[in-house]
Structures are given as structure tokens and as C-alpha cells.
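Biologist: I would love to understand the labels people put on a model like this one. Could you walk me through them?

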Amino acid sequence: MTSVAKLQNPYGDGKLIESCGLFGMMDTSGRPLRGRDILKAMANMRDRGNGLGGGFAAYGIYPEFREEYAFHLMYEHEEGRKRTEAFLRSHFKVVHHEAIPHRATAEIDGAPILRRYFLRVEKGVARAGQDDYVVKKVMAINTGIDGAYVFSSGKDMGVFKGVGYPEDIGRYYCLDDYEGYLWVGHSRFPTNTPGWWGGAHPFSILDWTVVHNGELSSYDTNRWFLEMYGYACTMQTDTEVLAYGVDLLARRHRLPVETLAAVFAPPLWEAIDRMSERERRRHATLRATFGGLLMNGPFSIIVAHHGEMIGLADRIRLRPLVAARRGDLVFLSSEESAIRVISPKLDATWIPSGGEPVIARLRPVAAEAVGGNA
Amino acid sequence: MPFFAPAQFIVDRDDARCIRCKVCVNQCSFEVHSYDAETDEVRSRDERCVGCHRCEALCPTRALAVRFNPMEIRPNANWRPEHIRDLQRQADTGGVLLTGAGNDKPFRIYWDHLLLNASQVTNPSIDPLREPMELRTFLGRKPDRLDFDDLDGELTTELGPQLVVETPIVFSGMSYGAISYNAHLALNQAAQEFGTLYNTGEGGWPAEFRRFGNRTIVQCASGRFGIDLDYLESAAAVEIKIGQGAKPGIGGHLPAEKVTAPVARTRMIPAGTDALSPAPQHDIYSIEDLAMLIGALKEATGYAKPVCVKISAVHNAAAIASGAVRAGADIIAIDGLRGGTGAAPKVIRDNVGIPIELALAAVHDRLVKEGIRNHASILAAGGIRSSADVVKAIALGADAVYIGTAALVAMGCTLCQMCYTGKCNWGIAVTDPWLTKRLNPDIATRHLVNLLRAWSLEIKEMLGGMGINAIESLRGNRLQLRGVGLEDWELKVLGVRGAGA
């Protein structure tokens, strides 16, 4: 779609380059956390962004619409909104819709039209096929309707993002009013784009979100590999290929997180050669088959979906990632100081090795209590 | 009555330096030099000189210099000296002009119009002397997805047969007969030592080389020379040779003079007879015929070896490659316009086919669009001259490259293009035992290993500069390339942006 592509990449560069700060926090018992804390943490890492993009994902925030797909949409103009709403009505049952609440602040201006929709897939689409159905519709809006862009489309979760420093974006969206058991935040430092609301992180499809700090040297290889599987990489960002890579391996191929990590940031051959026969075969096959999804170059990412938060850094650790734990709380951050500012006392902090995923999982009992689609 | 044809080369002899040792006289198989005992003079018949520089290299007092004779006729942009010489030769002989080696005409060499990227600020370049840098490459069909056992997480998908190389550089097929026994031995030993692959070419496979089978690709070409079950079973992979870059659409002809007893035995033909490879494979007149041959070879080898299909880079290479992959090819080798040959009609070598860069880009794109790029690996061949060419080929979409001419040059070849005469003074493109023994296989092995090592080190430097530490992340990574001095249509075919864009 022309207008979004132009907003995203006004100079027509081969790919976009950006750097960032990341933060994630999760209560593995499923207790809700207030949005205020993550705003404090992101404010602490203000220097990692340049005010051209900030955003959050929050899980467990729509208990009253737990079974509906929550679509967060931005529109550049009313025409895009009209066409999109007609599209949504013809493909879904719209259970509820409203403006995404926001407050006027001095720091944020130029916001697009922001609406959220709680959608049910009409009968006739088998339950197992509903996720794929939603993905197709999201792609159809993003690539087919001028001026419309889907921020997120998962159940009982949502993405809130825009142009500005993350703590200002958070205040704009009144995030201190939300409670969720899993929060992810991102501060963006793009170098070759003025920034637009859809270009901020997190990137999301269904309930999967990705925030990312890095610069993939392998971008173009990752892009064509994903294109083979039907993904159209229209945003020219590393985060987009990471998000699609997660979608392909974790959602479509149902590979566990550890395997996803072994594809994105595989062990070196000299390490694989020393492994047991079983592990050697596993890693060699993964590298041979999914070499096109090796994310080469510096990155640290936080991937989240209901019930799980994953931190991962590139194989030779060129971008920061710190993990910490206190009781049921797990934190991931670009900087330890951002964790300490909201939880000065911690049971443990550590720096994960390259390619070694940090995985926080909702405890099974709590998963029942929180629900969602964990 | 032969035309008077001026010499192509001039042999300069510094008589003050010449010690009449007669090395040049003994070394030149074209009989340029002769010694006159009566006058104690060494003389040259320049018109016989092919410019191989053997005498010059071996002259102990450096008394010799071989120079190109520009044949300074009246300048004419259309009727150039080469045309006049060729016309004279054809008026003389009434025959097809033969030549050796690759196309030497100034068609655009796209490698020279592509520049590589390097990291600055936003991502760090990587120092290959301090950090790991991985070149290991798997050649063969890859599955679309992998499945794991739900209970114990054990990988249940069986990966099809793969060729594993430690550097993305593989020796190209050159037949025994086209090049010498010692050259083959050196290629075998180097592939073994460095962890890459040797290709037998179409001239059979001497039995004593079968100990190198785990790193050997055997060819199944239109002449079917030397093929039996042991030939197929002893190899790591089988390559069906449909075409060759130097002579697309043309078969092969090893002249009877080169078919010595060992060559005849290896090829399973009578000694002293011409070894003729038909233009097509006479059991492949269509894509379904190819599928049947691929199936037959896989059946014969128990589905344990990848099957490669080698085609010349021709106008519709993309569609042909796509068909071959769907027909079951695990590897597609594409041999471009500048690919070498032991003997080919000059008019074919110089006028048929397209540059490998364009064909490679088109094939990779087509396979991606059809969602089958992972079903076959791509080997790019034809005129790869340096590690930079290798990096550019992989960035355009190749998994690895074939090198033939570059390997011969590493063994001593000076590209005089006389391979078809059977008189190679360097002991490379020759079967005459007296000339063959000039190539010491152990020294040639060392030279080949050095070449692989030097290129691999240079590839690592270039990768590191781009911020990439595994070669698979370069494959088809065209954002690492920029074009200079190219037209829009060329950039479009290559899928590369112009520099500055």
C-alpha cells in the first residue's frame, strides 16, 4: 500500500536502520501488573531512543472480551477508516468497538485516528483455522486498504505505540489505567526515517509481539526466505522479518522456543561438532534447513505471547540484554538500571549468553486463572 | 597453399644471456625453439608460439621474453586482427575453428560492476581474526519444515542427502582426457585436504581415485563414459551434465590423439579413437525424461546421494532450472558464458549463452517466487576469478561456486587456450605422458589448497566487514551489493540497487 510504505520508508532505502531500548516484565503467577511501572523503566532508558518511536504491548488487559480478537487500528484518514470498518463488518462479527482512550499531552501531536475492535470470527471458519483467517485479514488490511494499519490482533492483549518517547506515548494512551500480567516496552532510535506511528514497536500478529534492538546484516536473506513461505515484507524493517520468523516457526510450525532460538542464533559449528550425536544432528539439520532465518548481526529481542515471554540476543552478543528475577517476577531489559528503578531488590540478575533464550512462562495453575489463549 | 599468417607472439631472445642450455628447445611441445650445433645458435620459429610462457618461465638466465604481436594492420573497428586471422585459417582448412578455455570476448563482466557493502556505526563489522567466521555449506534439497516428536523433542524429519563443504568453493567438472591424470590427482587431494569437492567431469573416473569418493561428484553426461554401478556408488553425488557454459547445445569431442590407453580404459572406449559426446543426452528430449533419469540415478544409488543437474546459462535458464528442481534435482549447477572448455568450436564459445551473473540472479528469483528455492542448492560456474567474485555470486543467490579455470591457473595454466591441441606445455590439459609428468601432483595440490585457503580467508574478511559471521546469511543478500555503470534493466535483472541508492 503506497501511503504506508511512503510513511515507513520516505527515502526508499533498501532497509530501515534503527536502534533501541527494550523492556519486558512478567508475573509468572499471572497477577496483574500496573502499566505505571514499565513507563518508569522506559523513562529511565530515555537516552536509548530519540523520540521517534515508543510503544508497549500488554497482556491480560481485556478480561471482558477474552474470547474476541482485539484489533488495534490506526488510520491516516477517515476514508481508510470507513473502508476498513466495512471490511471488518463483512469478515467478522464486531462485538464492540470504540476509540482507543487517550489524553491530550504537550509532548504528543499528529496522532492518527486510533480505534479498537473486538471481533469474533463468523461460524463456518473452523476453530483451528481461525488464527490463519485472522492473519490473512490483517495482511489484507495492511497491504490493501490505503491509510489503514493494524497495530495488533490478538485476544486479550493490545499494542499501544506511536511517535514520541515511550513514557510520553504511554501517558498519551493512559497506560497507567491498564493492568496486565505481561508488559513489553520499546524505545526507538531510527536513523533513516522520520518515524510514523505504525513504524514504532512492538510489531504484532495475533497475540505474538516482537520488540527488537538491532541491525540485521542478514535482512535481505531473511526476507527472501520468508517470501518463499508467503510473507510479504513491506516494511523494510528487521523487526518485521523477526516477527514473521517467529510466526512461521513458533505458530505455524509449532516449534518450541528453544528451537526458535537455535534457528535465530544458532551455536557455532565448532560447538555443534562437539555435541552428542543427537544434538549434532538436531542443530546441523536446523542450520541446513533454516539457514535463511539465521538472524545475523547484532540484535536483542523480546518475543511475547500469552503465557510466555522470551528474551534472546545474537550469537556473538553485540547488543545488550539483561535478565532479572524477583519472586514470581521476571524482567528483561536493555539496561539493568531500568529494572532496578522499579524493583531495587532482585533475587538474581544475569546476562544471557548469545543464542541462549531466557524464557518466562506462566505457571500452569495461574494460566487457568488468567485464561487468555495461553 | 597456406596463407602467410604473421606470428601471434614474438620470442625475444637476449643472445648475450643465452647459455645454450636447450631447456627451451626441450620444453616447447610446439617446437618453437631449435638449436643449430653448427653455428651454436638457438633459433625461434615465432609463428608456432602460442604464448604459454613455459620457455620464458624455465629459462635459467632469463634470456627469453615472449610478447604478444599486435599485428598492426590498418586499424579497423569492424575487421579486427582476430577476424582476419580466423578468415585465413578457415580459407586454409575449410573447417570449424576450435579453441580451448573460456570466452575471451569483452562482454560485460558484471562482477566488475558490483560493489560490496561494509558496516559503519549502526552495526559492528566483525574481525575474522578474533571472531568465529563460518563458511560451512550444505548442498542438497532441504525440507519446507522440520518436525519433532511431541514427547521427547527428538527430530523426526530426516534430512535428505547433503554434500557438506567447508568453503563454498567446489572444483568444477573437467574430464580425464581434457586434463591430465596428475591434474586430477591434485584436484582430488586438494578437495580431500580442504574439505570441498572434486568433480570427475565426463571422462570416467580412474579406479584408484575412488578412495576419494566421499568428496567426489561423478558426472553422467551424454557420452556416458566410464559409467557403471561402482562409478555411481563410490561417489558422494551424481551430476547430470546437460550443458556446459563454453558450448551450450554442443556435445564434446576428445580428439583421438588424447585418447591414450589409460584414458581409453577409464572411458571404456578403444584407445586412439575420438571420444564423442552427443549434443543432447539421447534419453532426455524433455523435462519428464530428465525426471526419469534423475529417478533412475536416485534409485540406483539408494536415494543416498544428491543428484545435481548442470545446465548452461541460456536465455530461459530460470524456467529450465525451475523445471529441473521440480523434476527432482537436489542441486542446480549453472555454467555461464565464460565457463571454460578443453575444446569447443570457437564460434559457439564466443557467441552462445549468457553471463552467469544474470542467469544466476534470474534462477534464484524464480525459485524464490515459486517457493522452491530451498528444494535445491545453486552452484554458480563460469569465469569465477577471485574471492570477490565468489562473495558476489553468493550474494546474488548461489549456495557455492564451481571453479575450473581458476584451479587450472593455480596449477600453472597461463590461459594460452591451446587445450584442444593435446600439447599443453604445463602438463595440465594433456594426456601425453611425457608432458603430463611436468605437473607434480603434490606441488599442484599445495597450490590448490593455498588457493582455497587464500580465498576463504578473503571471503571471511569481506563477510566480517558486512557484519556477517555465517555464509548462509549472505545467500541472496543483494542489499550487500550495489551496481555501478549498469543500465536500469541490468540492475533490475540482478535485483541490485545502483550505488548511492
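**Labels and their cut-offs**

Biologist: What does A:Leu248 touch, leaving out residues up to four places away in sequence?

Modeller: A:Leu248 touches A:Leu226, A:Tyr229 and A:His253, where a contact means C-beta atoms, placed from the backbone, within 7 Å. The C-alpha atoms of A:Leu248 and A:Leu226 are 8.3 Å apart, with their positions 22 residues apart along the chain. One caution: this is a predicted model, where local features need pLDDT of at least 70 and side-chain atom pairs count only at pLDDT 80 or more, while totals for chains, interfaces and linings use all residues. Residues are numbered from 1 along each chain as its sequence is written, and chains are lettered from A and ligands numbered from 1 in the order in which they are written.

Biologist: Why is A:Leu248 called buried?

Modeller: A residue is buried with 20 or more other C-beta atoms within 10 Å of its own, exposed with 12 or fewer, and partly exposed in between. A:Leu248 has 22 such neighbours, so it counts as buried. A:Leu248 sits in helix α7 (residues 238-252) of chain A; helices are DSSP runs of H or I with at least four residues, strands are runs of E with at least two, and both are numbered from the N terminus. In chain A as a whole, 57% of the 374 residues count as buried.

Biologist: How do you know that chain A agrees with a compact globule?

Modeller: The rule is 2.2 Å times the number of residues to the power 0.38, with the radius of gyration taken over C-alpha atoms. For 374 residues that gives a value near 21 Å, and chain A has 19 Å, so the two agree. The C-alpha trace of chain A spans about 60 × 45 × 45 Å along its principal axes.

Biologist: What makes β9 and β10 of chain B edge strands?

Modeller: The open sheet has eight strands in the order β9-β19-β18-β16-β15-β12-β11-β10 (chain B), with parallel pairing. Each of β9 (169-171) and β10 (198-199) of chain B has a single partner strand, so one side of each is left without a neighbour in the sheet.

Biologist: How do you know that β10(B) pairs with β11 of chain B?

Modeller: Pairing requires at least two DSSP bridges between the strands. Two bridges join β10(B) to β11 (residues 216-220) of chain B, and the strands run parallel, so the requirement is met. In one bridge, B:Tyr198 has B:Thr216 in β11(B) as its partner.

Notes
Two residues are in contact if their C-beta atoms, placed from the backbone, lie within 7 Å.
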